[in-house]
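Here are a few notes to help you find your way around this one. Have the model open while you read, and check each point as you go.

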Amino acid sequence: MARLQSEVATGSGTSGVLEEPLSLFDRAPGKLLVVGGLFATAVAWCFIRSHYDDWGTDGLSDSAVPLPLRALVMLAMLVPALLLFGKESRLAWLAGLSASLGTVPLLPLLPFLRDYTHLVMIVWLIAVGPSMFRRVSIEGVPPFAAFLLVYVAICVVSTTANYVMFGNVWQLKVGVAYLILFGAFALLICAIAVAPGKAEMRFDNLLDGFVWGVAGQTLVALVAVPALFYVPFTIGNDTVYGIGYYDKYKSTFSGPVSLGMYFVMSVPLLLLWAHRRDALDLSARALARPRDVAGWVVLVYLQLMPWLMMATGSRTARVTFVLTLLMLLAIPRTRKGTVMMLPSTIAAYSVSFFYQSLPAAVYRFVSSDVDPSRDLSNRFFAVQDRTELAKETISTMVNAPHGLDMLGFGPGTGGYRLSGFPEPHNFLMNQWAETGVLGIIALTCFFVALIWGLLQHAPATRQWSCPAGLLLVTLLSFAPANLTYNPSYWGVSMSMVLIMSAAVVAFDQREPPPVGLK
């Protein structure tokens, strides 16, 4: 059933009773202030970092920015979390919003804080953890949360074993940082899972916060994407005043690929939000008709989104979005709404599918002076570099000292080019290298249990069939990124898992699975 706007804003539970009277931050004006302040700070951080890094011409490094300035930016981004600390529904909303904010300044002694989602997640855990875990019993922890805790325990053993065997302080440091971040993530998932009475409130607020973030990113893009065309092409990782990677659009994110995948997964989540809020008529008998202003905003965004995704230049996002559209066409409630996206999507793909960036794709229509290397038509699916990295990882793991095939080289060691440890550019292989076979098994069981929780509610006869189906589309849309990247640190992927964890618990609370499917 669709939720009224007031329920979503206040985080009311299944009983419909308000937690407390509405305050400024529970209403649209207060949320607008938070979104505006955070995006202004995030964009300012892009400008500052790009200025001190000389547009990333020698690589991207936060250390070039003076520490007091980095600390000031981090403090400015922490303030909203502290202001919303007193009410959990607001923190859940902020966690959903955090997926859209991207990176934060790296500070000494806090290497585990790389993304705004990491910061909000830890604040949220501090707010709910002490009271929540005093009442937890082992029997009350759902399987998906239990598997994630097992994975974190394996990470602890792997970090300890590697330090005992090799005495490598760097391995220990990155391992501890990894454990702080993902240990907090696992505990927050458990806090969500063991409180079914609050699950629907958390789910609605996480989703609502994500949609507010999409609105913020869209407004930034309306200014930033045209800038890609006017600023001359520059080599660097932090170009166009910090929102570009060469001539690709990365906004406030760490890179264009994470932003591209963010835009891809925003489509099913936005349709889910519109369904929950009853902003669009998603019946199978009609086109997606807006019922209010929010519905019109959703339809406009769906037309813009293919072009924003193309601006990132991400090949993974371009291929993945085709699969997303096919899945949405297969769902009766979203079929006609998806058809309305097709003209804009076909136009965007026709213009820039085989080009590294949107500016290069457009300039070829008006100028013959376009660098031929920007054309990917003869190498769009080339993966030789990834293949070599995979071969190196396999060779390293096969010849690893006894026991490390089961425990890996320690969590957090992957992804550093100069570390000497495997860098496979693949999520599962990276987990194999870091946490061994045991880590892969535990993490795979976590995702299988989470997907199974959604599948139980996906049949058309179930009350939550549309939300469960759209969440499955979101998860499957994001999956291809794991083949070519290691998105475990991305705030957008962590927010997605938080939304789905809350959803599974909420669905089970309102409509338990049939006997035999539990």
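The points below start with the whole protein and then move on to one helix and a few single residues.

1. First, a word on what you are looking at: this is a predicted model. The protein has 518 residues, and 56% of them count as buried. Its secondary structure comes to 20 helices and 4 strands.

2. How much of the accessible surface belongs to carbon and sulfur atoms? The share is 68%, out of a surface of about 21300 Å² for the protein. As for contacts, take those between residues at least 6 apart in sequence: 73% of them join residues at least 24 apart.

3. Have a look at helix α4, which runs over residues 88–98. How many of its residues are buried? The count is 11 of 11, so the helix is mostly covered, with buried meaning under 20% relative accessible area. The list takes in charged-looking letters as well as others, so here it is in full: E88, S89, R90, L91, A92, W93, L94, A95, G96, L97 and S98.

4. Next, T41, which sits in helix α2 (residues 28–52). Buried or exposed? T41 has 16% relative accessibility and therefore counts as buried, since the cut-off is under 20%. Leaving aside residues up to four places away in sequence, T41 touches V73, A76 and M77.

5. Stay with T41 for a moment and find T252. The two are 211 residues apart in sequence, yet from C-alpha to C-alpha the distance in space is 10.0 Å.

6. One place before T252 in the numbering you will find S251, in the loop between β2 (248–249) and α9 (256–277). Its backbone deserves a glance: S251 is not a glycine, but its phi is positive, at about 55°. The relative accessible area of S251 is 0%, so this residue is buried.

7. Y241 makes a good companion to that point. Where is it? Y241 lies in the loop between α8 (196–230) and β1 (244–245). Y241 also has a positive phi, near 60°, and is a residue other than glycine. How covered is Y241? Its relative accessibility is 43%, so Y241 counts as partly exposed, a class that lies between the 20% and 50% cut-offs.

8. If you want to look at the two loop residues side by side, keep their cover in mind: S251 is buried, whereas Y241 is partly exposed.

Terms used: Residues numbered from 1 in each chain as written. Predicted model: local features only at pLDDT ≥ 70, side-chain atom pairs only at ≥ 80, totals over all residues. Heavy atoms only, no water. Helix = DSSP H or I, 4+ residues; strand = E, 2+ residues; numbered from the N terminus. Buried < 20%, exposed > 50% of the residue type's maximum accessible area, 1.4 Å probe, protein only. Contact = heavy atoms within 4.5 Å. Areas by Shrake-Rupley, 256 points an atom, 1.4 Å probe, with all protein chains shown as cover.
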